[in-house]
Amino acid sequence: MFAVGHMAIAYLLGKGSSKKLHVNLNIPLLLVLSILPDIDIIYDFLTGAEIHRGPTHSIVVAALAFIPIFIIYRKKAIPYFLALISHPLIGDFFIGGKLQLFWPISNQQFGLHELGSYYISITSPVNIALELSLFAAATLVLYKSGDWKVFFKADKTNLVLIIPIATVLLPSTIGYPFSAPLLLTEPLLAFAHLFYLVLFAIAVLKTLDYIYKERFRKSAKSQPTNLNLA
Ligand SMILES: [Zn+2]
């Protein structure tokens, strides 16, 4: 599944679970966790290896990584864990498959097709329609709940959004890891990617601007004291 679908599923799951658990949600962090397994695409690109849908898509690895987070944050960690495991267990399981879900215990590959059912490729019209519907649903909830406002506020955790910008949103919109840019092959899906790209870029730039001004303000404050001392 593309980043847009993964983020939409994680957002809707996160929204539902946080409401049930009565816990607050950090939306940028939740969205980053939903696409984090796909950093293996960048690893493959840099090293020439072929580990996509391998260890980073393992629910064993995800569970182990979350043990300390569950110990510290307890039920608050649940929506984030769901966001992470929804990537292999929902998105990629139905679309594409070939997942090493239980690595390193087993190297066997899993997915809808591996279980004897249909194979739905990432570029099939079924998946494109599915991802666009998920995008529409998530955007509607994002708007109605007022959650979109977090992207227009300076907050240091917003800097985590650099990860999806650099690893999945920008590369897939302009081409990598596909044969042609999404803009040419699937313009509607490319629009959905651009939507998140712009939203995330605003959040990152607002935060960087705030950090820069904060530094400037601090150094301006300390200057008069220096002058007094002189
Ligand atoms: Zn994936």
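In sequence, the donor residues of the zinc ion follow the spacing D-x18-H-x29-H-x4-D. D38 sits in the loop between α2 (27–35) and α3 (39–47), while D92 belongs to helix α5 (residues 78–94), so this pair ties together parts that are 54 residues apart in sequence. The model described here is predicted.

## The zinc site

The protein donors are D38 (OD), H57 (NE2), H87 (NE2) and D92 (OD), and they lie 2.1 to 2.2 Å from the zinc ion. The angles among the four donor atoms run from 87 to 178 degrees, and the site is irregular. A tetrahedral assignment would require all angles to lie between 85 and 135 degrees, and the value of 178 degrees falls outside that range.

Both aspartate donors are buried. For D38 the relative accessible area is 6%, and because buried means under 20%, D38 falls in that class. D92 also counts as buried, at 1% relative accessibility.

## Overall architecture

The chain contains nine helices and zero strands. Read along the sequence, its pattern is therefore α-α-α-α-α-α-α-α-α. The C-alpha trace spans about 80 × 45 × 40 Å along its principal axes. Of the 230 residues in the chain, 41% are buried. Among contacts between residues at least 6 apart in sequence, 70% join residues at least 24 apart.

## Helix α4 and its ends

Helix α4 covers residues 59–73. Its 15 residues, at 1.5 Å a residue, should span 21 Å, and the end C-alpha atoms are 19 Å apart, which agrees. The helix nevertheless bends by about 40 degrees at I67, and a proline, P68, follows within four residues.

At the N-terminal end, S58 acts as a cap: one of its side-chain oxygens lies 3.1 Å from the backbone nitrogen of V60. Within α4, the residues I59, V60, A62 and F66 are buried. The elements covering the buried residues of α4 include α2 and α5. An α-helix has 3.6 residues a turn, so residues three or four places apart point the same way. I59 and A62, as well as A62 and F66, are among the buried residues of α4.

Just after α4, R74 takes a positive phi of about 50 degrees. R74 lies in the loop between α4 and α5.

## Backbone features in the loops

A second residue with positive phi is R53, in the loop between α3 and α4. Phi of R53 is near 70 degrees, a positive value in a residue other than glycine. The two arginines are set out below with their accessibility.

| Residue | Phi | Relative accessible area | Class |
|---|---|---|---|
| R53 | near 70 degrees | 11% | buried |
| R74 | near 50 degrees | 60% | exposed |

R53 is thus buried, whereas R74 is exposed. A further backbone feature is the cis peptide bond that joins W103 and P104, with omega of about 5 degrees. P104 is found in the loop between α5 and α6.

## Contacts that link distant parts of the chain

L25 is located in the loop between α1 (3–21) and α2. The C-alpha atoms of L25 and Y80 are separated by 8.7 Å, although the two residues are 55 residues apart along the chain. Leaving aside neighbours within four places in sequence, L25 is in contact with G14, K15, S18, L30, P79 and Y80.

N127 lies in helix α6 (residues 125–144). N127 is buried, with a relative accessible area of 0%. Not counting residues up to four places away in sequence, N127 touches M1, F2, I95, I120, S121 and I122.

W148 is placed in the loop between α6 and α7 (162–174). With a relative accessible area of 32%, W148 is partly exposed. W148 and L199 are 51 residues apart in sequence, and their C-alpha atoms are 8.5 Å apart in space. The contacts of W148, again leaving aside neighbours within four places in sequence, are with L142 and Y143.

Definitions and conventions:
Residues are numbered from 1 along each chain as its sequence is written. Side-chain values use heavy atoms; hydrogens and water are left out. Buried means under 20% relative accessible area, exposed over 50%, partly exposed in between (1.4 Å probe, protein chains only). Contact means heavy atoms within 4.5 Å. Donors are N, O and S atoms within 2.8 Å of the metal (3.2 Å for Na, K and Ca); water is not among the atoms, so sites may look incomplete. Four donors count as tetrahedral if all angles lie between 85 and 135 degrees; four count as square planar and six as octahedral if opposite donors are over 155 degrees apart and all others between 65 and 115; anything else is irregular. The expected span of a helix is 1.5 Å times one less than its number of residues. The bend at a residue is the angle between axes fitted to the seven residues ending there and the seven starting there. A polar contact is a pair of N or O atoms within 3.5 Å; within protein, one must be able to donate a hydrogen and the other to accept it, and residues adjacent in sequence count only if both atoms are side-chain atoms.
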